[in-house]
Amino acid sequence: MKILIIEDEENLLSLTKKELEKEGYQVDFATNLKQAADKIISTSYDCILLDIMLPDGDGLEVLKILKNLEREDSVIILSAKDSIDDKVSGLDLGADDYLAKPYHIAELSARIKTITRRKNTLNKSVSLGNMCILHSEKKVLVNNIELVLKKKEFEILEFFSNRLNRLIDKDKLAEFVWGENFDSMGNYDFIYSQMKNLRKKLKEANASLELKSIYGLGYKLVEKDDEGFI
Ligand code: CA
């Protein structure tokens, strides 16, 4: 379990770090926004402890960076100002929890446990209709039988499963499939063929979900209508 502490008060930082290490966590730290951004970009964490008032800016920026990177690291805001505004904007920006300073280390530790436990159960597997996605094993079962997928097909299905019933346009999908290389690839043929194969596999396995093609707009993962589904 990896934790990142973003905190500029040295005493508090070293105390928290020491206590969490005692509990068996692997602890990284950053003392300003810039360092924090560097760490976050290179590593993903099970939990990030985030101080709001940092010497070079607003800690809430960290939440924006995580959001832009489409990352799922859990975040607990630790704020000296017990301000309701901070709490609301932090939670709005995707933080998981908020703890006012000064905090008791036992309380912090309990919050970390709750959040990471919740996340681990979420991450383990997800059932959708007769389909079960095993995230850590990178496998999909339909009616308890493994659906054999290529790596990219799995990633695409996983991507849609986190966005059930949402229309994903082909640019967004291309960006996901190609990442930053999309501009240099420039055509959608690869995506069309991936989607075609994936749709065929789901259909042949009699999955209760389908990747619906919405002509000219994109795709949607939806529960099939009962009609035609046994
Ligand atoms: Ca501070």
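**Entry 1: Ser79**

I began with Ser79 and placed this residue in strand β6. The model I am reading is a predicted one. I then asked whether Ser79 is buried or exposed. Its relative accessibility is 0%, and the cut-off for buried is under 20%, so I recorded Ser79 as buried. Next I listed what Ser79 touches, leaving out residues up to four places away in sequence. The list reads Ile52, Asp86, Tyr98, Leu99, Ala100 and Lys101.

**Entry 2: Ser44**

I turned to a second serine, Ser44, and found it in the loop that connects α2 (33-42) with β3 (47-51). With neighbours within four places in sequence set aside, Ser44 is in contact with Lys2, Arg71 and Asp73. I also looked up the separation of Ser44 from Val177, which is 133 residues away along the chain. Their C-alpha atoms are 20 Å apart.

**Entry 3: the largest pocket**

Two of the contacts of Ser44, Arg71 and Asp73, came up again when I examined the largest pocket. I noted a space of about 1,300 Å³ for this pocket. Its lining consists of 33 residues, and those nearest the centre are Glu70, Arg71, Glu72, Asp73 and Asn162. I then asked which elements give two or more residues to the lining. They are α3 (60-68), β6 (74-79), α5 (105-124) and α6 (151-161). The element that gives the most is α5, with 5 residues. Sorted by class, I recorded 15 charged, 11 nonpolar and 7 polar residues in the lining.

**Entry 4: a sheet of four strands**

I next traced an open sheet of 4 strands, whose order is β8-β9-β10-β11 and whose pairing is antiparallel. Which strands stand at the edges? They are β8 (125-128) and β11 (145-147); each has a single partner strand, so one side of each has no neighbour in the sheet. From one strand to the next, I noted an average twist of 30°.

I looked at one edge in detail. Strand β10 (residues 139-142) is joined to β11 by 3 bridges, and the two run antiparallel. Within this pair, Leu141 has Glu146 of β11 as its bridge partner.

**Entry 5: helix α6 and the sheet**

Lastly I returned to α6, one of the elements that contribute to the pocket lining. This helix lies across β8, β9 (131-134) and β10. I recorded its direction relative to β9 as about 110°. Thus α6 appears in my notes both for the lining of the largest pocket and for its place across strands of the sheet.

How values were computed
Residues numbered from 1 in each chain as written. Predicted model: local features only at pLDDT ≥ 70, side-chain atom pairs only at ≥ 80, totals over all residues. Heavy atoms only, no water. 1 Å grid on protein atoms, 1.4 Å probe; cavity = no way out; pocket = protein on both sides within 12 Å on 5 of 7 lines; lining within 4 Å. Points joined across faces, edges and corners; volume = space filled by probe spheres on them. Nonpolar A, V, L, I, M, F, W, Y, C, P; charged D, E, K, R; others polar. Pairing = 2+ DSSP bridges. Axes fitted to C-alpha atoms, helices over the stretch in contact; angles between N-to-C directions. Contact = heavy atoms within 4.5 Å. Buried < 20%, exposed > 50% of the residue type's maximum accessible area, 1.4 Å probe, protein only.
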